[in-house]
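These are my notebook entries on a structure that is new to me. I wanted to look up a few places in turn and write down what I found at each.

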Amino acid sequence: TVIDISGRSHLSFNAVFSRSTIGTFSTEMIREFFKGFVDHARITMHVDLLSGINAHHQAEAVFKSAARALRAAVSLDPRISGIPSTKGSL
């Protein structure tokens, strides 16, 4: 997962789950969750599920990678002063 806090919402979601449900939870809802998230947060997110055979672990990987990418995206970088944007503002 890669995130750009850009003020522009976009989701690229490339994840094929091995099952259509996890218990009674439809795996289609995972993409819907992230679409709603990026639209309301106004961020760009690219999610690529690279491998896996168990739908539960595939979903877990998607959510964990998104959380780690979000943490990295909002963390301050001491090497950069000011707003880290090519346009100068967010």
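**Entry 1: the loop between β2 and β3**

I began with Ser-18, which is partly exposed, with a relative accessible area of 40%. I keep in mind throughout that I am reading a predicted model. Ser-18 is found in the loop between β2 and β3, and when I set aside residues up to four places away in sequence, I found that it touches Ile-53, Asn-54, Ala-55 and Gln-58. I also looked up a pair that is far apart in space: the C-alpha atoms of Ser-18 and Leu-76 are separated by 37 Å, with their positions 58 residues apart in sequence.

In the loop between β2 (10-14) and β3 (21-22) I then turned to Val-16. Is Val-16 buried or exposed? Its relative accessible area is 73%, so I noted Val-16 as exposed. Not counting residues up to four places away in sequence, Val-16 touches Leu-49 and Gln-58. For Val-16 and Gln-58, which are 42 residues apart along the chain, I noted a C-alpha separation of 8.8 Å.

**Entry 2: Thr-21 and Thr-27**

Next I looked up Thr-21, whose place is in strand β3. Its relative accessibility is 27%, and therefore I wrote it down as partly exposed. Leaving aside its neighbours within four places in sequence, Thr-21 is in contact with Ser-26 and Thr-27. I added that Thr-21 and Ala-55, which are 34 residues apart in sequence, have their C-alpha atoms 7.8 Å apart in space.

The contact with Thr-27 led me on to that residue, which I located in the loop between β4 (25-26) and α1. Why does Thr-27 count as buried? Its relative accessibility is 7%, and the cut-off for a buried residue is under 20%. Apart from neighbours within four places in sequence, the contacts of Thr-27 are with Phe-17, Arg-19, Ser-20, Thr-21 and Ile-22.

**Entry 3: the two helices**

I then asked myself how the axes of α1 and α2 cross. Helix α1 covers residues 28-41 and helix α2 residues 55-74, and their axes come within 11 Å of each other, crossing at roughly 15°. Angles under 35 degrees count as roughly parallel, and therefore I recorded α1 and α2 as roughly parallel to each other. The crossing of the two helices is right-handed.

Which residues make this contact? From α1 I listed Ile-30, Phe-33, Phe-34 and Phe-37, and from α2 Ala-59, Val-62, Phe-63, Ala-66 and Leu-70. Sorted by class, the contact of α1 with α2 has nine nonpolar residues, with no polar and no charged ones.

**Entry 4: aromatic rings**

With several Phe residues on my list, I went on to the ring pairs, and a search of the whole structure finds five aromatic pairs. The pair I wrote out is Phe-33 with Phe-37, whose ring centres are 6.3 Å apart and whose planes stand at 10°, so the pair is stacked. Phe-33 and Phe-37 are four residues apart in helix α1, and therefore about one helical turn separates them. I checked accessibility for both residues: Phe-33 counts as partly exposed at 44%, and Phe-37 also counts as partly exposed, at 29%. Ring pairs link Phe-13, Phe-33, Phe-34, Phe-37 and Phe-63 into a cluster.

**Entry 5: a backbone angle after α1**

I made a separate note on Arg-42, which is found in the loop between α1 and β5 (44-48). The phi of Arg-42 is near 55°, a positive value in a residue other than glycine.

**Entry 6: the chain as a whole**

Last, I stepped back to the protein chain, which has two helices and five strands. From the N terminus on, I read the order of its elements as β-β-β-β-α-β-α. The C-alpha atoms fill a box of roughly 45 × 25 × 15 Å, taken along the principal axes. Of the 90 residues of the protein chain, 23% count as buried. Among contacts between residues at least 6 apart in sequence, 76% join residues at least 24 apart.

Conventions
Residues are numbered from 1 along each chain as its sequence is written. This is a predicted model: local features need pLDDT of at least 70, side-chain atom pairs count only at pLDDT 80 or more; totals for chains, interfaces and linings use all residues. Side-chain values use heavy atoms; hydrogens and water are left out. Axes are lines fitted to C-alpha atoms, for helices over the stretch in contact, and angles run from 0 to 180 degrees between N-to-C directions. Angles under 35 degrees count as roughly parallel, over 145 as roughly antiparallel, 65 to 115 as roughly perpendicular and the rest as oblique. A crossing is left-handed if the near helix is turned anticlockwise from the far one by less than a right angle, and right-handed if clockwise. Contact means heavy atoms within 4.5 Å. Ala, Val, Leu, Ile, Met, Phe, Trp, Tyr, Cys and Pro count as nonpolar, Asp, Glu, Lys and Arg as charged, and the others, Gly among them, as polar. Rings of Phe, Tyr and Trp (its six-membered ring) pair if their centres lie within 6.5 Å; planes under 30 degrees apart count as stacked, over 60 as edge-to-face and the rest as tilted. Buried means under 20% relative accessible area, exposed over 50%, partly exposed in between (1.4 Å probe, protein chains only).
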